[in-house]
Amino acid sequence: MRDLFRFMKTSLTSRPNRFILTADFSGKAGFMHRTRSVLPDGRHAMLYRVEAGEAGVYLVQLTEIVTVEDSLINLPQGLLTGKRPHRLTLKGGCYDIAFDSLDNIEAGTPFFKRRFRGQRAQALNCIIDYIIDKHYTAYRPYCYTFLAFDELLSRAYRLRILLLSRSQPQRIAAVYPNLDPHRRGYAVKLR
């Protein structure tokens, strides 16, 4: 994620935007910056930087998956349809989602669940839900994938995906849990 962040920071094809995040973080407004970019291999990527007041700064990365080799997980057969985002509208596509706090990324430390308890965990859940909803509404991808760093995060993904599939069944066509590596990968096929 650090390499993509560095690439997108310096890329001439990036288009930064700034949004006011509507969620409340400790009574302070949060800010979300989005950078869209085209990677050297032609895939689309987006990096969201969210300033969440006292809860910290988080980065959420969405990277287009074109072939099974682009994915961090072993995708189910037939999930990739080949429908890529159109150049002008960027509608469609399958995206891998990764996230962490800026502190962890800059320090080179991996995501640790114990660092995200209470207010920070609630802020992170809110940020991820908000960005996925905003990205889905704007770009209508047909799939999202997630890879959990450890078993605790895998259980958190399972719960979030279950809640999402119950609250928005009109958006979710299928959920593929327990994908390799280490049965911690998830794919969500969207309508």
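**Nonpolar cores and aromatic pairs**

In this predicted model, a good place to start is Leu-62, whose contacts beyond its neighbours within four places in sequence are His-44, Ala-45, Met-46, Tyr-48, Tyr-95, Asp-96, Ile-97, Ile-131, His-135 and Tyr-144. Apart from the core to which Leu-62 belongs, there is a second, separate core of nine residues, with Ile-73, Leu-75, Leu-79 and Tyr-142 among them.

The largest nonpolar core has 31 residues, and Leu-62 is listed with Val-60, Ile-131, Tyr-144 and Phe-146 as having the most contacts inside it. Two or more residues of this core come from each of strand 3 (44–51), strand 4 (57–65), strand 5 (94–101), helix 3 (119–139), strand 6 (143–147), helix 4 (151–167) and strand 8 (185–190). Helix 3 gives the largest share, eight residues.

Turning to the aromatic rings, the structure holds three aromatic pairs. One of them joins Phe-146 and Tyr-157, with 5.5 Å from centre to centre and 55 degrees between the planes, and is tilted. This pair links distant parts of the chain, as Phe-146 lies in strand 6 and Tyr-157 in helix 4, eleven residues apart. Phe-146 counts as buried because its relative accessibility is 9%, under the 20% cut-off. Tyr-157 likewise counts as buried, because its relative accessibility is 9%. Both residues also belong to one aromatic cluster, which is formed by Phe-99, Phe-146, Tyr-157 and Tyr-186. Phe-146 thus appears in the tilted pair, in the aromatic cluster and among the residues with the most contacts inside the largest nonpolar core.

Methods
Residues are numbered from 1 along each chain as its sequence is written. This is a predicted model: local features need pLDDT of at least 70, side-chain atom pairs count only at pLDDT 80 or more; totals for chains, interfaces and linings use all residues. Side-chain values use heavy atoms; hydrogens and water are left out. A nonpolar core is a set of buried Ala, Val, Leu, Ile, Met, Phe, Trp, Tyr and Cys residues joined through side-chain atoms within 4.5 Å. Buried means under 20% relative accessible area, exposed over 50%, partly exposed in between (1.4 Å probe, protein chains only). Helices (H or I, at least four residues) and strands (E, at least two) are DSSP runs, numbered from the N terminus. Contact means heavy atoms within 4.5 Å. Rings of Phe, Tyr and Trp (its six-membered ring) pair if their centres lie within 6.5 Å; planes under 30 degrees apart count as stacked, over 60 as edge-to-face and the rest as tilted.
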